[in-house]
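Morning, everyone. Let me put the next structure up, and then I'll walk through it.

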Amino acid sequence: MAYDPDNIFAKILRGEIPNDTVHEDEHALAFRDIHPVRPVHVLVIPRGAYVDVGDFAVRATADEIAGFWRAVAAAAEKAGVAGGGYRLIANTGANGGQEVPHFHVHIVGGGRVGPMVSPRPDRN
Ligand code: AMP
(Lines give C-alpha, C1' and ligand atoms only; values in the text may rest on other atoms or scores of the structure.)
Protein backbone atom coordinates (compact mmCIF):
# COMPACT_ATOMS: atom_id res chain seq x y z
CA MET A 1 0.00 0.00 0.00
CA ALA A 2 1.43 3.38 -1.02
CA TYR A 3 1.65 6.07 1.66
CA ASP A 4 -1.18 8.63 1.42
CA PRO A 5 0.29 12.07 2.26
CA ASP A 6 -3.24 13.39 2.89
CA ASN A 7 -3.95 11.07 5.85
CA ILE A 8 -4.92 12.88 9.04
CA PHE A 9 -1.67 12.16 10.90
CA ALA A 10 0.38 13.52 8.00
CA LYS A 11 -1.70 16.70 8.30
CA ILE A 12 -1.01 16.82 12.05
CA LEU A 13 2.73 16.44 11.40
CA ARG A 14 2.59 19.32 8.90
CA GLY A 15 0.77 21.47 11.46
CA GLU A 16 -2.39 21.68 9.34
CA ILE A 17 -4.53 20.14 12.11
CA PRO A 18 -4.03 20.91 15.82
CA ASN A 19 -3.10 18.25 18.33
CA ASP A 20 -2.76 17.91 22.09
CA THR A 21 0.96 17.13 22.26
CA VAL A 22 2.33 14.96 25.07
CA HIS A 23 5.88 14.52 23.74
CA GLU A 24 7.81 15.45 20.63
CA ASP A 25 11.35 15.02 19.38
CA GLU A 26 13.20 14.68 16.09
CA HIS A 27 11.84 11.18 15.41
CA ALA A 28 8.30 11.12 16.76
CA LEU A 29 5.23 13.02 17.91
CA ALA A 30 2.92 11.84 20.71
CA PHE A 31 -0.51 13.39 21.19
CA ARG A 32 -3.80 12.60 22.91
CA ASP A 33 -6.35 10.55 20.98
CA ILE A 34 -9.40 12.65 20.06
CA HIS A 35 -11.71 9.77 21.14
CA PRO A 36 -10.04 8.31 24.25
CA VAL A 37 -11.01 4.76 25.18
CA ARG A 38 -9.33 4.93 28.60
CA PRO A 39 -8.47 7.84 30.95
CA VAL A 40 -5.06 8.04 29.26
CA HIS A 41 -5.01 7.44 25.50
CA VAL A 42 -2.00 8.75 23.59
CA LEU A 43 -0.95 8.08 20.00
CA VAL A 44 2.72 7.96 19.05
CA ILE A 45 3.67 8.42 15.41
CA PRO A 46 7.02 8.53 13.63
CA ARG A 47 7.76 11.75 11.74
CA GLY A 48 8.61 9.70 8.65
CA ALA A 49 6.00 8.56 6.12
CA TYR A 50 5.29 4.89 6.94
CA VAL A 51 1.96 3.14 6.42
CA ASP A 52 2.18 0.51 9.14
CA VAL A 53 4.59 -1.46 11.31
CA GLY A 54 5.72 -3.65 8.41
CA ASP A 55 6.54 -0.63 6.27
CA PHE A 56 8.30 1.01 9.23
CA ALA A 57 10.36 -2.12 9.98
CA VAL A 58 11.52 -2.45 6.37
CA ARG A 59 12.16 1.18 5.35
CA ALA A 60 12.96 3.16 8.52
CA THR A 61 16.55 3.68 9.58
CA ALA A 62 17.89 2.13 12.77
CA ASP A 63 17.99 5.64 14.28
CA GLU A 64 14.32 6.24 13.42
CA ILE A 65 13.30 2.89 14.89
CA ALA A 66 15.26 3.41 18.10
CA GLY A 67 14.03 7.01 18.34
CA PHE A 68 10.42 5.96 17.86
CA TRP A 69 10.47 3.40 20.69
CA ARG A 70 12.28 5.81 22.99
CA ALA A 71 9.52 8.33 22.22
CA VAL A 72 6.86 5.74 23.11
CA ALA A 73 8.50 5.24 26.51
CA ALA A 74 8.95 9.00 27.01
CA ALA A 75 5.30 9.66 26.14
CA ALA A 76 4.12 7.02 28.61
CA GLU A 77 6.29 8.65 31.26
CA LYS A 78 4.97 12.16 30.51
CA ALA A 79 1.36 10.94 30.39
CA GLY A 80 1.80 9.56 33.91
CA VAL A 81 1.21 5.88 33.19
CA ALA A 82 4.76 4.49 33.19
CA GLY A 83 4.72 3.63 36.90
CA GLY A 84 1.37 1.85 37.07
CA GLY A 85 1.55 0.22 33.67
CA TYR A 86 -0.26 0.56 30.37
CA ARG A 87 -0.96 -1.23 27.10
CA LEU A 88 0.49 -0.61 23.65
CA ILE A 89 -1.70 -1.33 20.62
CA ALA A 90 -0.70 -1.14 16.96
CA ASN A 91 -3.75 -1.81 14.79
CA THR A 92 -2.47 -3.01 11.43
CA GLY A 93 -4.36 -3.25 8.15
CA ALA A 94 -8.02 -4.03 7.54
CA ASN A 95 -8.27 -7.07 9.83
CA GLY A 96 -6.42 -5.19 12.57
CA GLY A 97 -8.88 -2.31 12.38
CA GLN A 98 -6.33 0.33 11.33
CA GLU A 99 -8.20 3.51 10.39
CA VAL A 100 -5.34 5.94 9.80
CA PRO A 101 -2.68 4.72 7.32
CA HIS A 102 0.31 6.27 9.10
CA PHE A 103 2.07 3.90 11.50
CA HIS A 104 1.11 4.60 15.10
CA VAL A 105 1.07 3.01 18.52
CA HIS A 106 -1.73 3.62 21.01
CA ILE A 107 -0.76 4.00 24.68
CA VAL A 108 -3.80 3.21 26.81
CA GLY A 109 -3.91 3.30 30.59
CA GLY A 110 -4.82 5.29 33.63
CA GLY A 111 -6.22 2.33 35.59
CA ARG A 112 -6.72 -1.33 34.71
CA VAL A 113 -7.00 -1.60 30.96
CA GLY A 114 -9.01 -4.85 31.03
CA PRO A 115 -9.09 -7.90 28.71
CA MET A 116 -6.60 -7.79 25.86
CA VAL A 117 -9.28 -8.17 23.17
CA SER A 118 -13.03 -8.64 23.21
CA PRO A 119 -13.94 -12.36 23.43
CA ARG A 120 -15.95 -12.43 20.19
CA PRO A 121 -14.87 -10.13 17.34
CA ASP A 122 -18.28 -10.51 15.67
CA ARG A 123 -19.83 -8.74 18.67
CA ASN A 124 -17.63 -5.64 18.39
P1 AMP B 1 -6.42 3.26 14.36
O2 AMP B 1 -7.80 2.67 14.31
O3 AMP B 1 -5.44 2.38 15.08
O4 AMP B 1 -5.96 3.67 12.98
O5 AMP B 1 -6.53 4.54 15.27
C6 AMP B 1 -6.70 5.84 14.80
C7 AMP B 1 -6.97 6.70 16.00
O8 AMP B 1 -6.80 8.05 15.62
C9 AMP B 1 -8.38 6.58 16.57
O10 AMP B 1 -8.30 6.14 17.93
C11 AMP B 1 -8.94 8.00 16.47
O12 AMP B 1 -9.73 8.37 17.57
C13 AMP B 1 -7.67 8.84 16.39
N14 AMP B 1 -7.78 10.12 15.73
C15 AMP B 1 -8.34 10.39 14.53
N16 AMP B 1 -8.22 11.69 14.23
C17 AMP B 1 -7.56 12.27 15.27
C18 AMP B 1 -7.13 13.60 15.56
N19 AMP B 1 -7.36 14.61 14.72
N20 AMP B 1 -6.49 13.82 16.72
C21 AMP B 1 -6.26 12.81 17.58
N22 AMP B 1 -6.63 11.54 17.36
C23 AMP B 1 -7.28 11.27 16.23
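Take D55 and what surrounds it. Leaving out residues up to four places away in sequence, D55 touches A49, Y50 and A60. This is a predicted model, by the way. D55 sits in helix α2, residues 53–59. Buried or exposed, then, for D55? D55 counts as buried, because its relative accessibility is 17% and the cut-off for buried is under 20%.

Now the sheet. It is open and has 5 strands. What is the strand order? Reading across, β1-β2-β3-β5-β4, with antiparallel pairing. β1, residues 21–24, and β4 are the edge strands. Each has a single partner strand, so one side of each has no neighbour in the sheet. On average, neighbouring strands are turned by 20° against each other, direction ignored.

Look at the β1 edge. β1 pairs with β2, residues 28–32, over 3 bridges, in the antiparallel sense. Opposite E24 you find L29 in β2.

What packs on this sheet? Helix α3, residues 62–79. Helix α3 touches β1, β2, β3, β4 and β5. The direction of α3 makes about 155° with that of β3, which covers 40–46.

Over to the other edge. β4 runs through residues 86–89, and Y86 is in it. Y86 has a relative accessible area of 32%, so Y86 is partly exposed. Y86 also belongs to a surface patch. With W69 and L88, Y86 makes a nonpolar patch of about 270 Å².

That's the tour. Questions?

Note on methods
Residues numbered from 1 in each chain as written. Predicted model: local features only at pLDDT ≥ 70, side-chain atom pairs only at ≥ 80, totals over all residues. Heavy atoms only, no water. Patch = residues over 30% accessible without salt bridge, like charges linked within 9 Å, V, L, I, M, F, W, Y side chains within 5 Å. Areas by Shrake-Rupley, 256 points an atom, 1.4 Å probe, with all protein chains shown as cover. Salt bridge = Lys/Arg side-chain N within 4 Å of Asp/Glu carboxyl O. Helix = DSSP H or I, 4+ residues; strand = E, 2+ residues; numbered from the N terminus. Buried < 20%, exposed > 50% of the residue type's maximum accessible area, 1.4 Å probe, protein only. Pairing = 2+ DSSP bridges. Axes fitted to C-alpha atoms, helices over the stretch in contact; angles between N-to-C directions. Contact = heavy atoms within 4.5 Å.
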